[in-house]
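Subject: Structure for you to look at

Hello,

I am passing on the structure we talked about. Please open it alongside this email and follow the notes below it.

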Amino acid sequence: MSKSKIIPLNFGFRGKPVSRPFECEILRSKRKTLALYIKHRKVEVRCPSRASKAEIEEFISSNRQWIEKRLYEESLRDKELLRIEKGGKIFYRARERTIEFKEGRKARILINGDKFIIQGHKLTAAKAKIQVEDFLIDKASEYILPRAHALARHMGVDHKINEIKLRKTKTKWGHCTSQGNLQYNWLIMLAPYSIIDYMITHEVCHLVHMDHSKNFWNLVDSICPNSETYIQWLKDHEHRFSF
Ligand SMILES: [Zn+2]
């Protein structure tokens, strides 16, 4: 795919008012159709190498409402990103809580209603971040490991587990290899237990079906009904979990 320069396009033509200007990046390739992608507040148009400028503009123009809606949604999401700092907001167990720093010798985290209290000695944002990380890793090993093993035992596949790792990854909540190595992203501990249980189920079921076939989803649903609700919940909220 060849990458062309960012071309700022004006959408004020044909009498339509410009609500907000935005830039589009045009990517030409061997593809046959035009497609739009929005990521990190950038609009990307993928088009056939021979598409004319007028054609591209027409395509963007006819999709303008959708583009603006998506850009707006992205800007809302940016505001919700998790920042571990005094007064910051943390979306913990499906409830937004305010981060408070508390001076104390003992390093610990206290959840009190809408308050997410980080206690430590001479806390800085960097120290607080490490404390939250440790807190989530501890929670993950206390909760995920025994439950994954218990479920695998119940399903008669515990012997297939080689190792269960807890790792913070950028794009995945969980992972399972054919060698029986399961992996969970410990950031999932910020989510409600129903979501965590779904993730545990998903990876353990891969010990039976190493794919996302109908059989796989039937098995997941027999243990964790309504999995699509949990998947959607994750899609809607996962941007609030990374830090
Ligand atoms: Zn999977």
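What follows covers one sheet and two helices.

Please keep in mind that this is a predicted model.

The sheet

The sheet is open and consists of 4 strands, arranged in the order β5-β6-β8-β7 with mixed pairing. At its edges are β5 (89–92) and β7 (108–112), each of which pairs on one side only. On average, neighbouring strands of this sheet are turned by 35° against each other, with direction ignored.

The pairing of β5 with β6 (residues 95–103) is antiparallel and runs over 4 bridges. In that pairing, Y92 has R95 of β6 as its bridge partner.

A helix on the sheet

Helix α3 (residues 125–154) packs on the sheet and touches β6, β7 and β8 (115–120). The direction of α3 makes about 110° with that of β8.

The helix pair

Helix α3 also packs against helix α4 (residues 193–205), at an angle of about 50° and with the axes 10 Å apart. Angles that are neither under 35 degrees, over 145, nor from 65 to 115 count as oblique, so α3 and α4 are oblique to each other. Their crossing is right-handed.

On the α3 side, the contact is made by Y143, I144, R147, A148, L151 and A152. From α4 come I196, I200, T201 and V204. Of the residues in this contact, 8 are nonpolar, 1 is polar and 1 is charged.

Regards

Note on methods:
Residues numbered from 1 in each chain as written. Predicted model: local features only at pLDDT ≥ 70, side-chain atom pairs only at ≥ 80, totals over all residues. Pairing = 2+ DSSP bridges. Helix = DSSP H or I, 4+ residues; strand = E, 2+ residues; numbered from the N terminus. Axes fitted to C-alpha atoms, helices over the stretch in contact; angles between N-to-C directions. Contact = placed C-beta atoms within 7 Å. Left-handed = near helix turned anticlockwise from the far one by under 90°. Nonpolar A, V, L, I, M, F, W, Y, C, P; charged D, E, K, R; others polar.
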